[in-house]
Amino acid sequence: MKRMGKRVIRYFITVISIALIIGLVIAILPHLKLLTDQLLSGDKYKRTTLMLEEKMEQTGELTAIRYEQTGVMNANVDAALLGTVGSITAPYRYEAVYGFSLADVELIAGEDGITAVLPPVRILYDKFQLTDDAQIQDFWNLVTEKRYQQVLDRQAAECRMKYETPAYAKEAWVAACEELQGMFTKWTGEELPVTFLQADQAPSPTDQP
């Protein structure tokens, strides 16, 4: 009878212990899943970052936006002491391309996504060319090849100056972020959570927790 009683007691203790263990597992399971998801997510973004860095190295440059302008140049040709010695009229086309080197992009993997620290978006290259023959008025036969080239260079510089303004740089920044996000999506096959920062806005290592 005593043996039977001990068996019953052990049985109930076992049942209660199992119930407590099951309850404990059920209670901590969501937290374990959250922790596991966070760890896996962090590993995922680290792996993704390494892959994206390799792709960017292979690509080289990002072209954010391209500006084109056409017009007619009407410029005087000047000479020292003599003043205006001629004039040049010619149609032209100007092109400026904003972007940056992808080697200058820093990717930082986080638990919830990736931070992309971008270099300043600038004019990578530009091109000025005449689209038809120039009409030259040379009053005293003093419009030399050198003076002619100086006029073209001055017009090209004026065109470039027009696009080297904060308004165009801001537009190019937005275009660069959209373009890079699209490249990331293409390379990974998914829409990644990416935060874009300018290099001068990125927190320094001492500022990070």
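In this predicted model, Leu107 has Ala116 as its bridge partner in strand E4, while Glu106 stands opposite Val117 of E4. These pairs belong to the junction of E3 and E4, two strands that run antiparallel and are joined by four bridges. Strand E3 covers residues 106-109, and strand E4 covers residues 114-118. The two strands form a hairpin with four residues between them, and in this hairpin Gly113 adopts a positive phi near 160°.

On another side of the pairing pattern, E4 is joined to E7 by five bridges, and here the strands run parallel. Leu118, for example, stands opposite Gln198 in E7. As a general matter, the strands of a sheet pair through backbone hydrogen bonds, in either a parallel or an antiparallel way. The joins between the strands can be set side by side as follows.

| Strands joined | Bridges | Direction |
|---|---|---|
| E3 and E4 | four bridges | antiparallel |
| E4 and E7 | five bridges | parallel |

Taken together, three strands make up an open sheet in the order E3-E4-E7, with mixed pairing. Its edge strands are E3 and E7 (194-198), each of which pairs on one side only. Direction ignored, neighbouring strands of this sheet are turned against each other by 20° on average. Helix H3, made of residues 166-188, packs on the sheet and touches E3, E4 and E7, with a direction that makes about 145° with that of E7. As for E4, four of its five residues are buried, so that the strand is described as mostly covered.

Within helix H3 lies Gln181, and its surroundings deserve a closer look. Is Gln181 buried or exposed? Gln181 counts as buried because its relative accessibility is 15%, and the cut-off for buried is under 20%. Leaving out residues up to four places away in sequence, Gln181 touches Glu191, Leu192, Val194 and Phe196.

A second residue to examine is Thr49, which is found in helix H1, a helix of residues 2-59. Thr49 has a relative accessible area of 5% and is therefore buried. A polar atom of the Thr49 side chain lies 2.7 Å from the backbone oxygen of Tyr45. When neighbours within four places in sequence are set aside, Thr49 is in contact with Leu107, Ala109 and Ile114. Of these contacts, Leu107 is the residue that has Ala116 as its bridge partner in E4.

The model also has pockets to consider. In general, empty space left between atoms is shown by rolling over them a probe the size of a water molecule. The largest pocket holds about 150 Å³ of space. Its lining consists of Leu118, Pro119, Pro120, Val121, Ala169, Lys170, Trp173, Gln198, Ala199 and Asp200. Which element gives the largest share of this lining? The answer is H3, from which three residues come. Leu118 and Gln198, both among the lining residues, are also the pair that stand opposite each other in E4 and E7.

Viewed as a whole, the protein has three helices and seven strands, and along the sequence these follow the pattern α-β-β-β-β-β-β-α-α-β. The protein has 209 residues, of which 30% count as buried. Among contacts with a separation of 6 or more, 74% are between residues 24 or more positions apart.

Conventions. Residues numbered from 1 in each chain as written. Predicted model: local features only at pLDDT ≥ 70, side-chain atom pairs only at ≥ 80, totals over all residues. Heavy atoms only, no water. Buried < 20%, exposed > 50% of the residue type's maximum accessible area, 1.4 Å probe, protein only. Polar contact = N/O pair within 3.5 Å; in protein donor to acceptor, adjacent residues only side chain to side chain. Contact = heavy atoms within 4.5 Å. Pairing = 2+ DSSP bridges. Axes fitted to C-alpha atoms, helices over the stretch in contact; angles between N-to-C directions. 1 Å grid on protein atoms, 1.4 Å probe; cavity = no way out; pocket = protein on both sides within 12 Å on 5 of 7 lines; lining within 4 Å. Points joined across faces, edges and corners; volume = space filled by probe spheres on them.
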